[in-house]
Amino acid sequence: MKKVFIFFALLVVLAFVILSCSKHNNITPTENNSANSQTSTTSVDSPSIWPTPPPRSVDTKATPRGLDQQYLRIDRNNPVQVAKSFSALSYIVDARTDLSPSDGGKRAAQFADPVLRAKLRIDSPERGDNSWNQLVARDGYTSTQVTINNQDGAPPPTNVKRYISCKVEITAHPQESSSSYVLYMELTKNPQSHNWEVSSYTVTTN
């Protein structure tokens with residue numbers, strides 16, 4: 001009888017130990033989900049994409065503040081003037097008139113041939129790099145200065161083809177920061193209008 005009593009006493013002690021351990025180690029499903037959620041959030045890096053600028057009032061029919069009218073009043077029978085205007089307009093953007101930095105290319109499209117013009121005028125979502133987002137935040141705009149670059153190494157001109165390189169110096173206002181690019185352009189003479197049009201181009205940083 002004494003052995004039976006000792007046996008049951010040991011069972012009671014063992015049960016008490018197990019119950020105590022379970023109280024200290026127990027985690028409810030809610031706590032567990034919260035812990036997992038926190039780990040998932042902190043372990044996944046955010047994509048390195050600049051956010052879309054917030055909605056703002058834009059007058060797309062207005063003239064950009066940095067647009068020099070000389071680039072619109074040109075002789076389109078002159079391939080050099082066409083190349084300079086295409087280069088300048090490509091990098092003129094204004095937070096008050098443009099939805100994205102690609103709007104500069106849309107304005108330059110008027111000096112391109114039909115194929116390139118269609119590509120430049122494709123709508124794109126309002127997203128840009130940090131430079132564009134800073135311009136929007138400051139209600140800013142850009143202006144450009146264009147010079148003819150050294151033409152050494154360019155293919156020889158023909159009656160219907162010209163190869164022209166331009167250096168574009170861009171100033172962002174009001175912060176007055178600057179950058180520059182070089183455009184290498186192929187121009188083709190339109191057989192109907194006889195105007196010169198940019199048919200292709202490449203860009204390098206200067």
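This note sets out points on the fold, the salt bridges, helix H6, the nonpolar cores and the strand pairing of a predicted model.

1. Overall architecture. The protein chain contains six helices and four strands. Their order along the sequence is α-α-α-α-α-α-β-β-β-β, with the helical elements preceding the strands. Of contacts between residues at least 6 apart in sequence, 60% join residues at least 24 apart.

2. Burial and surface. The chain has 206 residues, of which 30% count as buried. Its exposed area is about 13500 Å², and carbon and sulfur atoms account for 57% of that area.

3. Salt bridges in general. The model holds seven salt bridges. Three of the pairs are described in the points that follow, beginning with Asp139 and Arg65.

4. Asp139 and Arg65. The side chains of these two residues form a salt bridge, with an N to O distance of 3.9 Å. The pair links distant parts of the chain, 74 residues apart. Asp139 belongs to the loop between helix H6 (130-137) and strand E1 (141-148), and Arg65 to the loop between helix H2 (29-43) and helix H3 (79-90). Asp139 is partly exposed, its relative accessible area being 33%; Arg65 is likewise partly exposed, at 33%. The backbone of Asp139 also deserves attention, for this residue, just after H6, has a positive phi of about 55°.

5. Lys161 and Glu186. The closest N and O atoms of this salt bridge are 3.4 Å apart. Lys161 lies in strand E2 (residues 161-173) and Glu186 in strand E3 (residues 177-189), so the bridge ties together parts that are 25 residues apart in sequence. Lys161 counts as partly exposed, with 25% relative accessibility. Elsewhere, salt bridges with shared partners join Arg65, Asp94, Arg96 and Asp139 into one network.

6. Arg107 and Asp98. What is the N to O distance in the salt bridge between Arg107 and Asp98? The distance is 2.8 Å. Are Arg107 and Asp98 buried or exposed? Both residues are buried.

7. The two sides of helix H6. The buried residues in H6 are Trp132, Asn133, Leu135 and Val136. Viewed down the helix axis, the buried residues of H6 fall within an arc of 155°, so they line one face of the helix. An α-helix has 3.6 residues a turn, so residues three or four places apart point the same way. The face of H6 turned away from the buried side carries the exposed residues Ser131 and Ala137. Strands E1 and E2 are among the elements that cover the buried residues of H6.

8. Val136. This residue of helix H6 has a relative accessible area of 13%; it counts as buried because that value is under the 20% cut-off. Val136 and Arg96 are 40 residues apart in sequence, yet their C-alpha atoms are 8.2 Å apart in space.

9. The largest nonpolar core. This core has 26 residues. The members that touch the most other members are Val82, Phe86, Leu89, Met185, Leu187 and Val198. Elements giving two or more residues to the core are H3, helix H5 (114-120), E2, E3 and strand E4 (196-205). Which element gives the most to this core? That element is H3, with five residues.

10. Leu187 and a separate core. Leaving aside residues up to four places away in sequence, Leu187 touches, among others, Pro79, Val82, Ala83, Ile164, Trp196 and Val198. The contacts of Leu187 also include Lys161, Arg162 and Glu197. Apart from the largest core lies another, of six residues. Its members include Ala95, Trp132, Leu135 and Val136; of these, Trp132, Leu135 and Val136 are among the buried residues of H6.

11. Strand pairing. E1 and E2 run antiparallel and are joined by eight bridges; Val146 stands opposite Val168 in E2. E2 and E3 also run antiparallel, with 12 bridges between them. Ile170 has Ser179 in E3 as its bridge partner. E2 and E3 form a hairpin with three residues between them, and Glu176 in the turn has a positive phi of about 60°.

Key
Residues are numbered from 1 along each chain as its sequence is written. This is a predicted model: local features need pLDDT of at least 70, side-chain atom pairs count only at pLDDT 80 or more; totals for chains, interfaces and linings use all residues. Side-chain values use heavy atoms; hydrogens and water are left out. Buried means under 20% relative accessible area, exposed over 50%, partly exposed in between (1.4 Å probe, protein chains only). Contact means heavy atoms within 4.5 Å. Accessible areas come from the Shrake-Rupley method with a 1.4 Å probe; for residues, only the protein chains shown count as cover. A salt bridge is a side-chain nitrogen of Lys or Arg within 4 Å of a carboxyl oxygen of Asp or Glu. The arc is that of the directions from the helix axis to the C-beta atoms. A nonpolar core is a set of buried Ala, Val, Leu, Ile, Met, Phe, Trp, Tyr and Cys residues joined through side-chain atoms within 4.5 Å. Two strands pair if DSSP finds at least two bridges between them.
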